[in-house]
Amino acid sequence: MTQDSEPTISIGHTADGRESLDRAPLKAYLTWHQDDGKVARQERYTRSELEAEIERRNENGESSQVFEEALNKLAAFSGKRT
């Protein structure tokens, strides 16, 4: 995996055993792949975690573009959820 590889962003929700799947918060899943296609790393974020990560990165002068894209996708998906 190279440092500047872009992750795949997907939206979903998983229950952690304490909550039903219907009540589980939506999360953005960022998945980085190795050159051979294998998953190198996967991270999941709630809306508030993405907002905090964007703020932290902006304060440190780091790029937050991928996290902003994930937040936008999460917000769009949340609006469609019934």
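A residue counts as buried here when its relative accessible area is under 20%. By that yardstick, 29% of the 82 residues in this predicted model are buried. The protein exposes about 5,800 Å², with carbon and sulfur atoms supplying 44% of that area. As for how the chain meets itself, take the contacts with a separation of 6 or more: 37% of them involve residues 24 or more positions apart.

The layout is simple to read off. Three strands and two helices make up the list of elements, and along the sequence they come in the pattern β-β-β-α-α. The strands form an open sheet with the order 1-2-3 and antiparallel pairing. Strand 1 (8-12) and strand 3 (39-45) sit at the edges, each pairing on one side only. From one strand to the next, the twist averages 20°. Strand 2 (residues 27-33) and strand 3 run antiparallel and are joined by six bridges; as part of this pairing, Thr31 has Gln42 in strand 3 as its bridge partner.

Next comes helix 1, which spans residues 47-59. Helix 1 lies across strand 2 and strand 3, and its direction makes an angle of about 105° with strand 3.

Turning to charged side chains, the model contains six salt bridges. Glu53 takes part in two that can be described in some detail. With Arg56, the closest N and O atoms are 2.8 Å apart, and with Arg57 the closest N and O atoms are likewise 2.8 Å apart. The spacing along helix 1 fits both pairings: Glu53 and Arg56 are three residues apart, so about one helical turn separates them, while Glu53 and Arg57 are four residues apart, which again means about one helical turn. Glu53 itself counts as buried because its relative accessibility is 13%, under the 20% cut-off. Arg57, at 19%, also counts as buried, whereas Arg56, at 34%, is partly exposed. These three residues do not stand alone, as Glu53, Arg56, Arg57 and Glu62 are linked in a network of salt bridges.

Helix 2 (residues 65-80) has a salt-bridge pair of its own, with Lys73 and Glu69 lying four residues apart, about one turn of the helix. Here the closest N and O atoms are 3.7 Å apart. Both partners are partly exposed: Lys73 has a relative accessible area of 36%, and Glu69 comes in at 37%.

Conventions
Residues are numbered from 1 along each chain as its sequence is written. This is a predicted model: local features need pLDDT of at least 70, side-chain atom pairs count only at pLDDT 80 or more; totals for chains, interfaces and linings use all residues. Side-chain values use heavy atoms; hydrogens and water are left out. Buried means under 20% relative accessible area, exposed over 50%, partly exposed in between (1.4 Å probe, protein chains only). Contact means heavy atoms within 4.5 Å. Accessible areas come from the Shrake-Rupley method with a 1.4 Å probe; for residues, only the protein chains shown count as cover. Two strands pair if DSSP finds at least two bridges between them. Axes are lines fitted to C-alpha atoms, for helices over the stretch in contact, and angles run from 0 to 180 degrees between N-to-C directions. A salt bridge is a side-chain nitrogen of Lys or Arg within 4 Å of a carboxyl oxygen of Asp or Glu.
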